Amino acid sequence: MSVASESRYDVVIVGAGLAGLTLARHLLLYTDKTVLLLDKRADPPGPSQKVGESLVQLSGYYFSKVLDLEEYLLRNHYLKYNLRFHWPTSGKANQALEDYSRSFIRFSSNLATFQLDRNKFEEHLLATAREHPRCRFVGGVQNLDAKLNPGGPHRISFNGSAAECSWVVDCSGRGGFLKRKMGLAQSNNIRHGSTWCWVEGLVNIEKLTDRSWTEVRLSRDRMKQGNFPFFLATNHFCAEGMWFWIIPLHGITSLGLVYDKAVLDSDRVSTARKMLEFVCEKWPVFQRDLPQRKVVDEGRYYDFSYDARQTISAERWAISGEAGRFSDPLYSPGSDLISIYNTLIVDAIQARPADLKRKESVYELVMRVMYSAYVPSYALSYDCLGDRQAFTYKYGWELAIYFGFYVLPFINDLFTDEEFLPHFLRKFGLLGPINRNLQNFLSDFYRWKQAHVPPETETGMNDFYEMRWLRESEKLFYQVGLTREEAIETLDMHFHHLREYARWIVAQVYATVLGKPEIGGDAAFQERVKLRDLAFDPEKMRMDYEAMPSRAEAVAV
Ligand SMILES: Cc1cc2nc3c(=O)[nH]c(=O)nc-3n(C[C@H](O)[C@H](O)[C@H](O)COP(=O)(O)OP(=O)(O)OC[C@H]3O[C@@H](n4cnc5c(N)ncnc54)[C@H](O)[C@@H]3O)c2cc1C
């Protein structure tokens, strides 16, 4: 059936950006719904380059497997090689990469992730949606309005015409069409800014060196780091409360600085050129490259993070993407949340009317929780980005949570399993206070280190998978096709591992603060750590540790 001239649709999607286009594809692939896709741009995405390119496991899986774009992605976008982090070394010139310490994961992710050229990706999605007989696209939409009718069809008007529909999904990005209309805006406590740009050609950090290419190729560091092209990673250059990303796209490179506004005055980085100058000062390795690069496009947000009061309703409206909530780009949760929200929205759109109220309450909770769980990572311990050790614990911990509580349910289609969700939410809820305590603890540890420990004067490197619990968590990628009961059991086991992991991290902090490396491997001590009562007070930590029964006694308890 062609819907090109119809004025009654099952779903109207406002906004043909990443969220709207992936939602349309999801609906067209898995349901029989008719879709009207509206965008204020005549021909989106338009000439400006779009930010938001780096995918992690969940969105990589959603785009490639659920939306069945694997071949398209492999042909047109770089496969991504994890995240890599770099820190300058005190006392060195830091004008060559060999002066920097680094943390990374050597093995490629078994769940494929990609560096997306957003414009190309969205052009492709729009072209395929337009070809579909159940989809109509209207660009250049003006004077958009929606009359939401809880008891009957909604009425959408634009460009002097109107359409009726059962569902309206707002994917209008920062335009926040429904959010504004319905007063759903809500702030959060992340006050970060970002300036970014794209430059011509590939910024390959391995070439920012005083070494010859042969020396780079034969470096003994490869015994630990391996040979995969490091430029395929999202490379992060880090400092307290800020990081600079390098993301390769075909023929251009995306560069961006994200910063806590408490540590950097936005005026210093208010344009791409100013930002690149700042980056060259902060991480001098870039002096040999970035000043000569041609900037092809740029953008900036003074303050980008916000919440929403509600994002799905039994009255048949929903919000996905930046039209609802957005936390922070570190770890790329933007596309992940789009993947989760779209999945829940498609399920709700297919539900019987009698089930909608129940789905609203469960799905709204899931949507809120999956966003809120990120907030402590960005609001409480962003300063840890300034220290490799503190950040290694922070990132390892967050990644292990992510593998178990985001990726595992997603690759088993469990986010729409209403019998699985109560158990999942209960366990995730139990993790909340532990996570907040640990984030505060690590932030305090970072501050303490800044005051008491001289910065590293030799470069170092670590593979995050050297942390046993994180390496174990990666095995969850292979737990696919689980029954609900198996998934619950796996999640319970993971929760148990996470608690052990958190205790191990606390022990490493004690070992550093008390100057007793043996604490790091002291299993009896780790068993006694009370994750809900963590407090970073070196004097109290010393007394607590000294008051502990001796190791032999403790093991006997
Ligand atoms: C600095 C920064 C870096 C980021 N990096 C990453 C990253 O590496 N990885 C990642 O996954 N995410 C990243 N993100 C997040 C990512 O950019 C967003 O998740 C994503 O762009 C949101 O897509 P969207 O479809 O919601 O919005 P958009 O892509 O902005 O699409 C919104 C669409 O709605 C249209 N529109 C707006 N108003 C109306 C209206 N009234 N009527 C009709 N149409 C309308 C617009 O024209 C547009 O086409 C980053 C975000 C920031 C701020």
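Here is a friendly conversation about a predicted model, its ligand and its domains.

Trainee: Which domains does the domain assignment of the chain give?

Mentor: Keep in mind that we are looking at a predicted model. Two of the domains are built from separate stretches: domain 1 covers 8-68 + 116-186 + 305-379, and domain 2 covers 78-115 + 192-301. With 431-556 added, the assignment gives domain 1, domain 2 and domain 3.

Trainee: From which domains does the shell around the ligand draw at least three residues each?

Mentor: Start with the elements that give two or more residues to the shell: helix H1 (18-30), strand E12 (192-200) and helix H9 (333-350). Now set the domain bounds beside them: 8-68 and 305-379 are in domain 1, while 192-301 is in domain 2. The shell draws at least three residues from each of domain 1 and domain 2.

Trainee: Which element gives the largest share of the shell around the ligand?

Mentor: The shell residues divide into 13 nonpolar, eleven polar and eight charged. Of the 32 residues around the ligand, Ala19, Asp39, Lys50, Ser54 and Ser335 come nearest. The largest share, three residues, comes from H9.

Trainee: How far does a polar side-chain atom of Asp39 lie from an oxygen atom of the ligand?

Mentor: Let's take the backbone atoms beforehand. A backbone N or O atom of Leu18 lies 3.0 Å from a ligand oxygen, and for Glu53 a backbone N or O atom lies 3.4 Å from a ligand oxygen. For the polar side-chain atom of Asp39, the distance is 2.6 Å.

Trainee: What percentage of the area that the ligand exposes when taken alone does the protein bury?

Mentor: Polar contacts to ligand oxygen atoms include the one from the side chain of Asp39. Taken alone, the ligand exposes 1000 Å², and the share of this buried by the protein is 91%.

Trainee: Which three residues supply 87% of the area that domain 1 buries against domain 3?

Mentor: The centres of these two domains, taken over C-alpha atoms, are 38 Å apart. Their contact takes four residues from domain 1 and four from domain 3. Together they bury about 290 Å², with 59% of it on carbon and sulfur atoms. On the domain 1 side, the 87% comes from Gln57, Pro376 and Ser377.

Trainee: Which residues does a cis peptide bond join?

Mentor: Most peptide bonds are trans. Look in the loop between strand E2 (35-38) and helix H2 (57-66), where Pro45 has its place. With omega at about 5 degrees, the cis bond joins Pro44 and Pro45.

Technical notes. Residues numbered from 1 in each chain as written. Predicted model: local features only at pLDDT ≥ 70, side-chain atom pairs only at ≥ 80, totals over all residues. Heavy atoms only, no water. Near = heavy atom within 4 Å. Polar contact = N/O pair within 3.5 Å; in protein donor to acceptor, adjacent residues only side chain to side chain. Areas by Shrake-Rupley, 256 points an atom, 1.4 Å probe, with all protein chains shown as cover. Helix = DSSP H or I, 4+ residues; strand = E, 2+ residues; numbered from the N terminus. Nonpolar A, V, L, I, M, F, W, Y, C, P; charged D, E, K, R; others polar. Domains from an automatic or database assignment. Contact = heavy atoms within 4.5 Å. Buried area = accessible area lost by both parts, 1.4 Å probe.
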